Every structure is written in structure tokens, then in C-alpha cells.
Amino acid sequence: MITSVNLATPGHPYAGPLLIVAPVLAAVTLGPWLTTLTGVLASADQMIFAVLLGDLHSAQRMTEIFAVVAASAFAALLSGMRERKARELTRVRQVSEIAQNLVLRPLPPRMGPLRVAAVYLAAEREMKIGGDLYAAARTAHGTRLLIGDVRGKGLTAVSDAALLLSAFRGAAHRQTSLAEFTAYLDASVCWNLAEPGEKDLAQECFVTAMLIDIPDHSPTVQIVHCGHPPPLRLRPGQATALCAHQAGPPLGLQLDIPGHRVDTFDFGQGDLLLLYTDGVTEARDPRGDFYPLTERAATWSGERPEELLERLRTDLLAHAGGRLDDDAAMIAIERPAGRIRHNTTALPHKHRSETASRPKRLDVLRGSRPLAAPISGP
């Protein structure tokens, strides 16, 4: 365009010095080769103008040509560095996705008679995983799930989450009660989150978590609350928080408590259970208001798990202005309408509780041991 202006208006002030802008602008969007080509064309235009005006050998003209050449070389260098950084960022994102799939494995859409969906929203823009975690496993009589939130953020939280997930996967399928299994995870957390010789750190390592057992042939759900937000049970037009009769402390605090309480709630045909971390309920809008999860979820009852989580994800990000300040994990579990063989041994109350003592030995899970090896899958 600058060349056209100069050729069309020979009597007006010379605009040739503006050609130095061309390679600089090209470096913003184009690769190094195209940026270099732009610089060559700009330098050629400068020389053409000099020949037409008859001042090719003047000091001013030579200075202008040298400036365009120097700017073109510098712009090509910047363009190459930009593309190299872009490739490195792409590789980092690919590694992040691989790490997410290894540490936080996607949940299958069906687990026994249940429909399942999960969503993870990391607070860090360039990371797809953080300190929040979830996992699920099939047992002989149902489905066992874990959702939790590791203290802290960043790569340390990711490492701690990976350790707990490894413990869960290594022992979730064994025939043990939910209270005993929770005690096993509780004892495993600090052993593995604190490095040898750093006993002081063990007191700072803890995980808010919730352990859940959903039997296949009984319309109930068993829950152990360990300092984690209560799940929501969704029914048509209704969202009910399944609060613990007596919530326990987070995993890893090594408190001298008699045992972990197991609460039992109704979970029948057509019911949907929504699990989440505090990154959902503590998301704030520009005015500082928390996200009203219970009220919003009640309006979406009747949705299938994947549809519910997509609505929740979209609405949550809109509420928070497109970006969360904390990681957020969400799991939706539905017991579809169908025949359920009721367990005749189930207690008749809608809300039942039981406790089991913390095992004196940590090898309560026969043949298992706390995390002593790196993650290698269940």
C-alpha cells in the first residue's frame, strides 16, 4: 500500500521510510520465511524508489535501506522465536493431556447399572489437572467412588493427588467395608505425601474427600464424609444435600478418632447424585457472590449425567467470568429407571448411620500395602 501511495502521488512527501513497518507487522502473524520475504520486498521497494527519484547513492537513502534490512532480519528472528515457543507450548499441553489421562483417568459412561459422567476444570490455564481428584472402581456388589481435594495447588498438589489415586485404585476392589477402606486411605496419605526425614510436613498434608459405595441391587448409597462438601441428590424439581450425621476430618490429619462414620441414604430409580469439589461452590461472580449450586441444580433435574454437567460447566464459567480461581471437579451418577432387586437386609430408615473402628493394623486390606511404589495403574 505504501508503494502504491508513493507511485500515485509523486509530488507529495515521500512515504518510503514507512516500509520499515512491514516486516515488523509480518513477524506478529507470519513465520520466519514469510517474514524474511516481506523484508526483501520492502528493501526492494526502497531501492526502486531511490532509482526513480535518482538519489540511490545519497546518505539518507542508504540509511533508510539499511534500516529496512536490519528491521527485516530482526523481525525474522523474532518470528522464529515466537514459532518455537508456540511449538513448545503445544508440546507442554500435549504432555499435560497425557498426564491427566494417566493420573485422572476418564470415567466410563456406564458402570454396572449406573450412568456416569465427569468434568474437570483446572484453574491454571496451561494445566488440565490440579489438586482435585476423582476415581471409580467396580466391586463385587456395586460401584465405589472417590472424590477429593488436596491441600495446596500446582505440581505438588498434582503429585499428592496421584499418590492418593494410586492407593484407591490398588485397593478399591477388595472385599472390605467402606469405613475400613476409608481408614486405610487415611493412614496411607501422610506416609506417602511426606518425604522420608520430613516428618514435620506430614502434619500439613491432608485431603478433603468423600468415599461412596453404590450397591447394584439396593436403592441406597453409602457415604463417608471426610471434610468434603456434601453431594446433591437430584429428583424432579428438587436438589437435596446429603449431609453427614457426623462428618469426619480430612484424610491424613492423623487424629485420634474412634472410626469413620458411614451414612446411608436413599438412592432409587431415576435419582441422580451430583458430586463436586469446593471449586464449584466457592466460585464468585464480579460482585463477589458464590455460585448457587443447589438452586441451579434443582432446575436441571431430569437431565442425563453428561447433559447436566455440560449445563453446569457452562453456567459456572459464565458466573465466574470465564475463569475459576480454584480447580473444580464434578461427577454425575444416575441410577436409571429399571428393575432393582431390593436387598432384604437393608435398614428401613431413609437416613442410616454406622461406624467402624479404625483398624489397628494397616494391612486390613489383605494382600495390600500403602503406597510404596510409583503409580502404575490399578
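Is Asp 285 buried or exposed? Asp 285 counts as buried, because its relative accessibility is 13%, below the 20% cut-off. The close-ups below all come from a predicted model.

**View 1. Asp 285 pairs with Arg 287 in a salt bridge.** The closest N and O atoms of this pair sit 3.6 Å apart. The two partners fall into opposite classes: Asp 285 is buried at 13% relative accessibility, while Arg 287 is exposed at 71%.

**View 2. Arg 304 and Glu 306 form another salt bridge.** Here the closest N and O atoms are 3.9 Å apart. Arg 304 is partly exposed, at 37% relative accessibility, and Glu 306 is partly exposed too, at 42%. As for linked pairs, salt bridges with shared partners put Asp 285, Arg 287 and Asp 289 into one network.

**View 3. Arg 138 meets Asp 216 through their side chains.** This salt bridge has an N to O distance of 2.8 Å. Arg 138 belongs to strand S3 (residues 132–138) and Asp 216 to the loop between S5 and strand S6 (220–226), so the contact ties together parts that lie 78 residues apart in sequence. Asp 216 is buried, with a relative accessible area of 12%, whereas Arg 138 is partly exposed at 34%. The whole structure holds 11 salt bridges.

**View 4. Thr 208 sits in strand S5, which covers residues 207–215.** Thr 208 counts as buried, at 17% relative accessibility. Leaving aside residues up to four places away in sequence, Thr 208 touches Ile 147, Gly 148, Asp 149, Cys 226, Gly 227, His 228 and Pro 250.

**View 5. Cys 226 and Cys 243 differ in how much of each is accessible.** Cys 226 is buried, at 0% relative accessibility, and is one of the residues that Thr 208 touches. Cys 243 is partly exposed, with a relative accessible area of 44%. If you're hunting for disulfides, the count is zero.

**View 6. Confidence varies along the chain, from strand S10 to strand S12.** Strand S10 (residues 272–276) has the highest mean pLDDT among the elements, at 96, and strand S12 (residues 351–357) the lowest, at 46. Over residues 342–378 the pLDDT is below 50, though this stretch still has 76 contacts in the model beyond near neighbours in sequence. Where pLDDT is low, don't read the predicted coordinates in detail. For the chain as a whole, the average pLDDT is 78, and 72% of the residues score at least 70.

Definitions and conventions. Residues are numbered from 1 along each chain as its sequence is written. This is a predicted model: local features need pLDDT of at least 70, side-chain atom pairs count only at pLDDT 80 or more; totals for chains, interfaces and linings use all residues. Side-chain values use heavy atoms; hydrogens and water are left out. pLDDT is the predictor's confidence in each residue, from 0 to 100. Helices (H or I, at least four residues) and strands (E, at least two) are DSSP runs, numbered from the N terminus. Contact means heavy atoms within 4.5 Å. Buried means under 20% relative accessible area, exposed over 50%, partly exposed in between (1.4 Å probe, protein chains only). A disulfide is a pair of cysteine sulfur atoms within 2.5 Å. A salt bridge is a side-chain nitrogen of Lys or Arg within 4 Å of a carboxyl oxygen of Asp or Glu.
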